[in-house]
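Here's a quick back-and-forth on how some labels get assigned. Have a look at the model, then follow along.

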Amino acid sequence: MSPIPFILLFFVIAGIISAFGYVRFAKTANMLDQLASSTSVRKSSHPEMQLLEAKPAEGFANLLESIGRLLPYSPKDIAAMKNELGSAGFRAGYAAYAFLGIKVLTCVALLVTATLLRHSVTSNPLSLMLIPIAAAVGGFLLPSLILGKLVNARREAIRLALPDVLDLLVISTEAGCALDKAILNVSREFKNFHPAISEELSLVNMEMLAGGSRIDALRHFASRTGEDELKKLVAILIQTDRFGTSVADALRTQAGFLRVRRRQIAEERAGKVGVKLVFPIFFFCMPSLMLIVAGPGMLQLFKSLLPTMSALK
């Protein structure tokens, strides 16, 4: 089979992707937007993030940042990527471009590996052309999948730590501490036990010390993590601060609700175990069990029937 049609197909697909990239990213409007965003001075809505974003990249991170800046991403996409990286705990100013550099390196590494090993996998001309393309696309998307896993793991850690955090907040507020001081105490005490939520509470305290209001700091706290239970807690704290009700009672009620919710989630997961074990038992345990139980009988049956069948012939 001639490889010319496949080569033409490759160039057609590459041309379509290039045209889309040019229209989407490199057109004049986006270039002007990037120029305007780089020359204008804008104040961040998160005062506590300015110190973190001012940290320059060093070593290998500097190389990743340089590679990431070569990609034609718009400021809007970079901002969305920074928010997602912040939810995973990566809040350096160069984190978004370093992440893009990781995606480029992963794409190139898998592309080179697939190109070198494709002849040992198949000899089909179409497969020889599609394997490197699929490897490159997979390498570019793989860091995003890993980042999503990290975000979910961090949110899970924050959700599991919330009842303990609320209990200590209740103790601190009932002891006479203000909510700001109680948040600072919790961030210090939970540094070794729940580092994720301790870091977030430290950022809340930094924002209040930088001059931000408590309500804005709590709202930024909920928006950074993206955890639903934390958003409910922040809404309750804002309401108690607005109407002057007891903070300790609200925190105690919310802590009890979160503990009940955590127990319900554990019971729900335990109830799903039986259904999830059906396929592993059927495909892995049942063949082994049938081999052990019915194997000797089947061997004895064959041993008795084969001579009889041979005699009948």
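Q: Why does Phe282 count as exposed?
A: This is a predicted model, and in it Phe282 has 54% relative accessibility. The label needs over 50%, so Phe282 is exposed.

Q: What makes Phe282 and Phe283 an aromatic pair that is edge-to-face?
A: Their rings sit 5.2 Å centre to centre, and pairing asks for centres within 6.5 Å. The planes are at 90°, and over 60 degrees counts as edge-to-face.

Q: Why is the pair of Phe279 and Phe283 called stacked?
A: There are 10° between the planes, and stacked means under 30 degrees. The centres are 6.5 Å apart. As for sequence, the two are four residues apart in helix α13, so about one helical turn separates them.

Q: Phe279 and Phe283: buried or exposed?
A: Phe279 comes out at 55% and Phe283 at 51%. Exposed starts over 50%, so both labels hold.

Q: What links Phe279, Phe282 and Phe283 into a cluster?
A: Ring pairs do.

Q: What label does Cys285 get, and why?
A: Partly exposed, because its relative accessible area is 44%, in between the 20% and 50% cut-offs. Cys177, at 28%, is partly exposed too.

Q: How do you know that Arg69 lies over the face of Tyr97?
A: Arg69 is 4.1 Å from the ring centre, and the distance limit is within 6 Å.

Key
Residues are numbered from 1 along each chain as its sequence is written. This is a predicted model: local features need pLDDT of at least 70, side-chain atom pairs count only at pLDDT 80 or more; totals for chains, interfaces and linings use all residues. Side-chain values use heavy atoms; hydrogens and water are left out. Buried means under 20% relative accessible area, exposed over 50%, partly exposed in between (1.4 Å probe, protein chains only). Rings of Phe, Tyr and Trp (its six-membered ring) pair if their centres lie within 6.5 Å; planes under 30 degrees apart count as stacked, over 60 as edge-to-face and the rest as tilted. A charge sits over a ring if NZ of Lys or CZ of Arg is within 6 Å of the ring centre and within 35 degrees of the ring normal.
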